[in-house]
Structure formats: structure tokens, C-alpha cells
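User: I am new to reading protein structures and would like to learn how to look at one step by step. Could you show me the structure and then begin with how two helices are compared?

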Amino acid sequence: MEESEKYVYKRVRFIDFGVLSPKKIKEMASAKVVTPELYDKEGYPVDGGLMDVRLGVIDPGLNCKTCGSKLKECLGHFGFIELARPLIHIKFVSQIQALLAGTCRECGIPLMTQAKIEKELANIKKLEKEVNQTIVAKYIKKIIARLKTQTACPHCKAKQPKIKIEKPTTFFEAEKRVTPIEIRTRLEKVSDEHLPLFGMNPETVRPEWLVLTLLPIPPVTMRPSITLESGERSEDDLTHKLGDIVRINQRLFENINAGAPEIIIEDLWDLLQYHVTTFFDNAVAQLPPARHRSGQPLKTITERIKSKEGRIRHNLAGKRTNFSARTAISPDSKLKINEVGVPKIIAMKLSVPEKVTEWNMEYMKQFVENGPKKYPGANYIERPDGKKKKVTSETKEAALEELQPGYVIERHLMDGDIAIFNRQPSLHRMSMMCHKVRVLPYKTFRMNPAVNHPYNADYDGDEMNLHIPQTEEARAEAEILMQVQTQLISPRYGSSVIGCIQDAVSGNYVLTKYMKITKQEAIDLLYAIGVDEINITKEILDGKELVSELFPKDFDFKGESKTGEEIEIKKGKLVHGVLDNANLGGGGAGLLLRRIHQKYGEELAVDLLYKLFRLGIEVITRYGFTASLSDLDLPETAEEKIQNVLKESEGKVKEFITQYEEKTLELIAGKTLKETLELRILEALNKSRNEAGELVAEYSKKDSNLMVMATSGAKGKMINFTQMCGCVGQQALRGQRINKGFKNRTLSVFKVGELSPKAHGFVRSGFKGGLGPSEFFFQAMVGRDSLMDTALRTPKSGYLYRRLANAMQDLKVEYDGTVRDASNKIIQFSYGEDNIDVSKSEKGIINVKRIIHEVEQS
Amino acid sequence: MNIPKEYLNEFPEKIIDDLKESGKGLTDSKFKKVLEKTLEEYKKARITPGECVGLVGAESIGEPGTQMTLNTFHFAGVSEMNVTMGLPRIIEILDGRKTISTPMMEVYLKGKLSGEKVKAHALMLKETLLGVVVDEFNIDIADLKIDVLLKEDKLTERSLTSATVANVIKKAIKKATVTKEDNTVTVKLTGKDASLNELYRTKEKLKDVFVSGIKGIKEVLPVKRKEEFIIITAGSNLNEVMALDFVDTTRTTSNDLYEVHAVLGVEAARQLIIDEVMKVMENQGLNVDVRHIMLVADTMCVNGNIKGITRYGVVSEKSSALARASFETPVKHILAAALTGERDELTSVVENVMLNQPVPLGTGLPGLVTEVKK
């Protein structure tokens, strides 16, 4: 019996929307508010005041007078006030106007002939069945627009003067003001059957409800007051506003009862209207917003709901969480790829609930005995009736005594526990992956650098979050669906996101390309990376043979390395080719990894990747790897050739400039002379830089470490190499040479109107040789521009992403293979036209060629 | 290679084509093995029911969005046209904007034509306003008339005669008599309100009179693309270009969604969305599978019209008021829902998140029917 009570039987099936009727407001209210006073002299809430104890409790120790519950248990209860005169609800002004203008002022029937009314009602009914609400709303808008133009009632023939609104809430009819009382009586005349014409559902709303006679008072729990350090109470914005409303309302009552002159009553009435309007929305265009004494505008109901920081997006669609931690990250290549190193301090704060049974009694007792301060200990124990107790050094003896099966212990985080690791911005699902915990000393989260790519993390101070799932169900889902090895293949492009980076790539490249090692060294290396079955017989072996030890013995693979050379693995032996970024890397590269994953499954893939990664790093740490300035040295002939190329292009540019000045330059179709010149110059200069690049590639040392990094794809590209020892090249702003600065020149060192390369941002020198002052300046300009570009792009792409996610979040594949949205509308008959899941495919396809090849081989 | 019937229904078209293509020259038994293996792999790669493909698609487009450049223009070689690329173009497409910033067409021509001929065709496409073919406007204040001196070479280039130009002017300018003499067209104002001011206004009007070509085609550029010449245009008018008899209508395209939709239908518009987004992605060196873009294109085009991914487009058509409210303008949606007495059946994701309930996707989809002892 006790057990079954924990199951959730209740579930919200649907939510109905509607407008509150005065009757309903009274029904759901538990107190009538009659006085603007909040507290009496003792500081106790006044009966019939806005902080009435019947409206809920916000002070610890007090009990709610309505439901008897304590703070946090009582959700609060509504109250109401009776308005002295009816008021317009600001949010329904346009609907009221439509109703007033669309129905007869005398008989309350829509200004159409009976036949037409019936026809339109039928139309709306039909539309509602067939299409969605937006289209119905559009249709209704048209009907209302037509009704507004009528000048006489076709039923009782009464003349219909135009209804005008003086914003925000005053209505006029033929220059005469229509009071809310009149409006209400007119709206009462509109019969239920005609309401669909105005887009209203008679079951949930009556037109006269749009004019308020009673105002619901939100519970105090919705507007709690805060006690300042000085002991003073500071009330919520809503309470302030409600105070104004109640005060003016009482004044209005008194004046009416005392028979005050109409003008005074009307003034008060308007004032009350203002207060109620700003209570609902404090940003109505025509009204001055209600302010605090400090001048800051009050945050009333609409402002609470609206926007990113509003209730919906901030509190409902996004929620806060317990059992989470955040700290800086640092790399640890000795951790398994699916592990995360958690600092002990954090492990002692986060906890996992574990049930005590008769079989694990002794084991669980150990945690309680250790208490919260000794690792591994426990922070809380929970009794079967749900009472939670904190474990402290004082209470732990008693806790130990009462511990018995059925209790739950919140024990410290331990090795092997499930955790979800996350780095913002969480742009794709690989930004939140499940790792297994490893409790480690010091204060940072540790992770294997192979998973940097999916998180887009580096270690220059990045912080990451850790979440500990608390239920068995959540842990199972995290482990089965979110663990790192299940996320190896990106659903974006269908190949590996996780792979070797930087040193690991260089290491494997150097190993497979150049190295020969002795048997001892090989065994040492393999042992260091965690291979313990080693069968090496050769005395001297090369790197390829060493790497081959890691592959499964029946693995065949044919691919291309980054430079386009063929690489072949036959029966688990790397026959020829080198391992580089194209086969080991993450982020869309890593074809080798993709194949391993496909053939041998994720466990083996992740293990192999770990070993390859470790091997790369191990090799590089043992045999050394550094970049030095001499890596950039070029032979003198090369330097000369580069200078010649640059000179040549400069000569060419000069030629273009003279042609331009003589107007003999051949025009490019659709371009002006100046544009043609610019294009030609850009073309010539870019060509010269490319040529310089080729020269650098040709003459620089092929086996220098810097070159190894570029060719293996570990870090840097050939272009960076060229920029360092050759020439940096043209700096471009928005695809054009630099033209900003002074009038007709970029910098004051140049002549006015000078068109030469160096005056418009051509950086002739390389970084190694050093830049001239103007060159440096141009570089800085472009650097700044690209910073701006990033700063402007982030919010734009973020918004696009949000819209996409919102529009498509409900789409799912049904059991029949169709893709449908939340209302079961079919979007696609089969996903992607072939039902293939990209993350299970090979770059989005089934590779028939490879299959044929494999069949032929066998 | 013939594929046995029992396999034919198992595979999507693409794989069948691949099998036919690459399976040539295999023995029957080997081919059988290939079929078996392909089927096995295909079955393994099939999408699982309940998979939240929409969100994965959104992620796959949104995530690389942060890596895209904002650079509006790019130069693919000197001779190409400037086209909006990068993030702005993607935003433009997915917004479903009616007017795009750089409309463009690729006009393919029937048959193999020489460069000269292509150039002539290209000029026929180009929108020519009177201002372009006029040498000089001479205003005669005394007589209230304008002498329009036409440029002979520009006329012949476009195979126009001064007579046709005069006719065009006659049609365009009312309240004036138009006479022609050699290469001079004289426009003389008539009517009551003929004045000096009116004369100047007429002159300005004359400059913009549409003479020949196709409206909206601002620029033409014959380009060689793989063995043949095509015409790239700045500005787009698919309807009229397709009506020309030398145009190959099967391959000619525009990058204007609404035009393609109007001329060729939704399916073409959907394909255009896919192609254009893919083009940008490839151009930026980003690797995104077509399936994700297809899904976006399909959500935009499901009901036969192009709807943008905005609060007025796709999002506004969601059935759930709470889902709409959680996107933008929440108050508006909640009030509308109250008046119409909407019922939210909680079938989509956000509502269930709001209520702390399992979401009807993936593992939240299947239910378990079991009796619980009470």
C-alpha cells in the first residue's frame, strides 16, 4: 500500500482557456478585500486587507486561514474586490469595440440580415473543423470589418452611430461618451448564438464579462513582501498597485454614497480605470506608466509574463535545477573518453539517493558512519514516510540506529556514478553528454581532450556544468541515450564528432610516417597506453606496425589521408599511408573512426580512440616535439623568388593603375572603371600571395615540426605558414581593399588618391620578418572588423536557431514512418525521403560501393 | 542489374539506383550477397519511431549558424555577380521574405550557342530604360517640348529602332504629342496643365520609361559553365523569361522563392529552399546533411504556401496556445485563447515541459499499460 502511493496516477490531460465570470471570481475567492491597509500596529495582516491571512501565507510559522497549511505548502488563495463602478479591461478593448460596433445598440443583434448571420455562422463552424485557429481568426476579422461599416440595424432599423475609442479605454458614440455601465448593458444584449461571429466561444465567455465589476485579487504567495535588513517590509509591485486600486475604489464608494457631484465621481472613476489598466499592463502606449517613488516603473501582470525574463520563458519553459555543479575544466588524457574527473569537494556536496535494503545494509551504514565530512559519506537520510534528515556529526549516531531497509541514503558521489556534463552554449545534443564520474583531487573538472570538439571547449578558463540524475529512470536514460560513446557520430553530418586533436594527431602522424623503434620501446609505449596483451617479435619495428597492434585483426579499411595519399589497413595491419587528422580527427573528419564504429560498435570505437589518442601523446612526450623559429627558415633562393613574385605583381598593379588613369583599362561587364581596377588589383595581389605560398611550401623543410602540424592537420594550415615566412597578403574589409580613413587616402603617410597596394592594406612582409607600421595598422583594422562581425553574428544566429527550434520541436517520426507535428499533421511521408537516420549512416548514405567491394573481397 | 522483387520494395530509390549502377558486372550470387548486406545495413540505419527529428534538424542548422560569416557579399572569381551569402541569406530564406536582397536568375539556353549569340540573347533579357539609349534630352522651354536624341549604337545593340522607341514613349506619356524625326523623338506637352514644371517632370519620367527587355532584369552576364554558356542575371522575372522561346525552361531557375512558387509551384519552391540553403552551407564549408534542410523546407511548405519560420508563419499555426505563447508575444496568444475558449491538449513539447510532465517524444512516447494494485 505504501509503495503504490508513490506512483503518479494524476496527469494533466488538457488545459482550457477562458474568461473569468463575476460569479466565478466570487466563487474562487476566499476573502473580500475592503481596506488598503496591509498590517496593523503589531505588524499582523489586517482582516480584509491585501495581505489577509486568508489569501495565503508568506511568513514562516503562520498557518493559512483558508486551508490550514504552512508556508510552502499553501499555494495561496484568490480574493476579490467589488468595484464601485464597472471598468473596461484594457486587454479586451479591441474585442469590446468590435462587439459594440458590430451589434445593434438597441436590440443587440449583429448588423446583418438573419440569413447572412446563419450563413456566416455555418462558414465559421466549417472552417473551425477544417483548418487551424489562425485562419478562422482571419476570417472573423473580415466579418467584423464588414459589420463596422453598417449604419443601420437591419432588424429593428435603429440608426447606428460610429463607435470611436479615445485610447486607451474611453468609448465615444456620436461625440458622446459611452460609460462602462452603458457598454455593459449593451454587451449583455448580445445573445450567445451570435458570439462565434466575433470569435468568441459562448461556453467560456460572455461579452459583459469583458467589463469588470469584480476584480480578482491574486494570492499573496504570488506577490510576497520581502523583509529588508532594517526589519522594514518592502511590498511587491503588484501589492502597491492593488493598494492604489483598493484606496481609490473605497473613495469612489464613499463619494457615491455621499451623493458627491457627478464631476468628482467621474474623475475618481477615471482614476480607478487608470489604476486597473496599469495593474494589467503598465506599458500601455497612451498612459504614463505607474511608478515607484524612486521613479522606476512598476512591474505589473503583463510585464511579469512577457519576454525572455518573463514567467513563461524564464520559469515555465526553463527551470532551475538542484544537484548540479560548475567549475573550470582542465584536460586529462589519462581519463577514459566517457569519464569526467570530479573534484572531491564537489563529490561531497552532490549526492545520489540509494535505497537501503537488507542486503546492502552494512555497505550503506558505512556512508552514514562517515557522515558529511568524510569521503565517501552521506548528506541526508530519508525515511520511508518521506521525512528527510540531515546527517551531521551529531545526528549520525541516531541515524545509524534507526537505519533499516526502506530508507534512502543520499550518499556522496563515487566513481562510476552517472553524471551529465554540459558546456554552454548548448547548441546541439552533444553539448550535454553523460559521463561516468571519477572522483579526483584538486578543484577542476577533468575531461579527456578528445571530447573538446562536441563541447567546443578549450582550457583557457572555460567552465562547465555537471548534473547528477536522481532517479533510476533518469540514470538509465542518461546512460543508454546520452553517454559519450553513443554520441560519437554526429546527426548533423553522419561522421565522427569526437576524435584526436592537436598533439595526438601530430604524434600519430610522426609515428606512422617517420619512426622506427626498438622492441623495448614499442612494448613500453603499448603498455603505457593500456594495452596489456602484447605480441611483438620483431627487434626493430616501424610506427605503422606499432599502430597496427591496436586495430582489430579482421579490420579492412581503405581511405585517403589529408594530403590525398592512399591509406590502407588490411587485416588489422596498416599497410601503407599515414594516420592524420582526416582519419583520426573529430568534427566531420575521422573516417577511420566512422568505419570502426560501424563495424565493431561504439564500445570498441571509443576504446580504440582512447588508445590512439594516448599513443599519439605518449609518442610526442617521449620523443619530443617543439616548434622553433628555424622551422620557418627558407633558403635564400626561395626568399629571392618570393620577392620576385611580389615585385612582379606590384609591377602589374602599377600597370593597371596607369591604364586606369589613361582610361584604357578593359572593363568587366557591369562594373565601373574604378570597380574594375579594384577587382584587377585584388586578383593580382591574391595571385601573388598564393604563388608565394606555393614557393614556401616547395622550399621549406618538409620534416620540420611546424610543417608536420600543418600537413597532419593537427593545428594550422599552409596559409599560416605562408603568412609567417612569406607574405601576409591583402587585408580586405567586406571583400574590398581598405578604403577607410582620411579623405581619399587611408593613412596620412600616403599621398592623396594613391592607389598602390601598400596604401590600401597590402601587407607585403611576413610575420617573421615583421610588419611595417602601416601594415600593422591595416592588420589591426581587419582584426577589429572580424571581432565586430562575430559580435553581431552571435545574436542573429541565436535568434534564427530559437525560431527554428520552436517551429520544429514537435516533429517526430511516428510508428508508421511518417514525420508528424503535434497535431498529427503529416510533414513528410518518410523521413528524408529514405528513412535513414543520419547518425546511423555513413555521411548520410548507405555506401553501396563499399559493400560491393567488401563482398568482392570475401 | 535486375533487382529481385522482394528487395525492390525494401529500398528507397537512391539505394536502388546505386545498386543498379555499381552492381554492374557482378555475378548473380555475389549480387544477391550485396543485396542482403545492403538490406542489413539499411535496416540498421533506419530511423527509430519517436525520434525527435525536428529538434535534431533545428540543431543541425542552428549550430553551424554560429560559425557562419556575416559577410554579405562574396566574390567567386571576378566575373561572377555579387550575391547575398552566409547567415543573412539563410535568414532571408527561412524568414520567407517576399523581397529578397539580391534576386538572381540562371538562364539556360536551348541548344549549343556561340558566345556572340548568347551575348545577343542576354541583351534581349536586360531591362532597358529610355535613359540608357538616350544621348541627350533637349528641353525647349518656349515650345514646352523635349527633344530626345537617341544613341544609334545602343539601339542596334538591342535590335531596336527609333520608331519602336517613339511608340513606347507615346504609350507611356499621356497628355503629349510624340513625333519622330530620324533619331530624334520630340515630346510636346499638350493639355491644360502644361507648364515648365510639368515639362521637367516629364523629362524625369522619360528616363524611366521601359523600352525593351524584361522588367526587373537589371544586369545580365553571360558565363561559361561546363561547355555551355548560360546567362546570369541580377534581378529576377521568371515568368517572362520562361516565356522566351530560346530559353531552356527545364533548367532555368531564379533564387526568388515567391516567384518560383508562383510560376512552378510549391514543390519547386521547396526544392529551391533546399538548394539555396545547401548552397550557402557548402559555400561556407559547413557540413550539413540535406535531410535536415529538407525537413525545414517541408515544414515551410506543407500546406501549399510558403510560410516563414516566424511568429506570423509556421509558429502561428501551432495548435497549442501555450506553445505559441512560449515563442513570442505570449500575452496576445493567451488572451486570444481565452476568448475563443481554446483547449490545449498538451500534445507538443513545451506545454509538457511547463507542467513537468514527460514530453511526447522519444522515450516519453510509449506508454505502459499495467494494472496497479490499489
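Analyst: Let us begin with the angle between two helix axes: angles under 35 degrees count as roughly parallel, over 145 as roughly antiparallel, 65 to 115 as roughly perpendicular and the rest as oblique. Please keep in mind throughout that this is a predicted model. In chain A, the axes of helix 21 (residues 636-661) and helix 22 (residues 673-699) cross at roughly 175 degrees and come within 9 Å. Helix 21 and helix 22 of chain A are therefore roughly antiparallel to each other.

User: Which residues of helix 21 of chain A meet helix 22 of chain A?

Analyst: A general idea helps here: an α-helix has 3.6 residues a turn, so residues three or four places apart point the same way. On helix 21 of chain A the residues in contact include Lys641(A), Val645(A), Ser649(A), Val653(A), Phe656(A) and Tyr660(A), while among those they meet on helix 22 of chain A are Leu677(A), Ile681(A), Leu685(A), Ser688(A) and Leu695(A). The residues of this contact divide into 15 nonpolar, two polar and five charged.

User: How many helices and strands does chain A have, and how is the chain as a whole described?

Analyst: Chain A has 26 helices and 31 strands. Its radius of gyration is 38 Å, well over the 29 Å that the globule rule gives for 858 residues, so chain A is more spread out than a compact globule. Taken along the principal axes, the C-alpha atoms of chain A fill a box of roughly 110 × 95 × 65 Å. Of its 858 residues, 40% count as buried, and among contacts in chain A with a separation of 6 or more, 65% come from residues 24 or more positions apart.

User: How should I read a sheet, and which strands stand at its edges in the sheet with the order 4-5-6 of chain A?

Analyst: In a regular strand the side chains alternate between the two faces of the sheet. The sheet you mention is an open one of three strands in chain A, with antiparallel pairing. Strand 4 (163-166) and strand 6 (176-178) of chain A stand at its edges with a single partner strand each, so one side of each is left without a neighbour in the sheet. The twist averages 40 degrees from one strand to the next. Four bridges join strand 4 of chain A to strand 5 (residues 170-173) of chain A, and Glu166(A) has Thr170(A) in strand 5 as its bridge partner. Helix 2 (residues 93-102) of chain A lies across strand 4 and strand 5, running at about 160 degrees to strand 4 of chain A.

User: What do strand 8 and strand 9 of chain B form?

Analyst: They form a hairpin with two residues between the strands, and Lys226(B) in the turn has a positive phi of about 45 degrees. Strand 8 (residues 219-225) and strand 9 (residues 228-234) of chain B run antiparallel and are joined by seven bridges, with Leu221(B) standing opposite Ile232(B).

User: How many residues of chain A are in contact with chain B?

Analyst: There are 91 residues of chain A in contact with 100 residues of chain B. Helix 25 (residues 773-808) of chain A gives the largest share of the side of chain A that touches chain B, namely 14 residues, and that side divides into 39 nonpolar, 26 polar and 26 charged residues. Strands also pair across the two chains, since strand 1 (residues 15-16) of chain A and strand 11 (residues 343-344) of chain B run antiparallel and are joined by two bridges. In that pairing, Ile15(A) stands opposite Asp344(B).

User: Is helix 5 of chain B mostly covered or mostly uncovered, and what do its buried residues pack against?

Analyst: Helix 5 (residues 86-95) of chain B is mostly covered, with eight of its ten residues buried, including Leu87(B), Ile90(B) and Leu94(B). The buried residues pack against helix 25 of chain A, together with helix 4, helix 12, helix 13 and helix 14 of chain B. After helix 5 of chain B comes Gly96(B), whose phi is positive, near 65 degrees.

User: Why does Ala822(A) count as buried?

Analyst: A residue is buried if 20 or more other C-beta atoms lie within 10 Å of its own, and Ala822(A) counts as buried because it has 23 C-beta neighbours inside 10 Å. Ala822(A) sits in the loop between strand 30 and strand 31 of chain A, and the residues it touches include Asp810(A), Lys318(B) and Thr347(B).

Conventions:
Residues are numbered from 1 along each chain as its sequence is written. Chains are lettered from A and ligands numbered from 1 in the order in which they are written. This is a predicted model: local features need pLDDT of at least 70, side-chain atom pairs count only at pLDDT 80 or more; totals for chains, interfaces and linings use all residues. Two residues are in contact if their C-beta atoms, placed from the backbone, lie within 7 Å. Ala, Val, Leu, Ile, Met, Phe, Trp, Tyr, Cys and Pro count as nonpolar, Asp, Glu, Lys and Arg as charged, and the others, Gly among them, as polar. The radius of gyration is taken over C-alpha atoms; the globule rule is 2.2 Å times the number of residues to the power 0.38. A residue is buried if 20 or more other C-beta atoms lie within 10 Å of its own, exposed if 12 or fewer, and partly exposed in between; C-beta atoms are placed from the backbone. Axes are lines fitted to C-alpha atoms, for helices over the stretch in contact, and angles run from 0 to 180 degrees between N-to-C directions.
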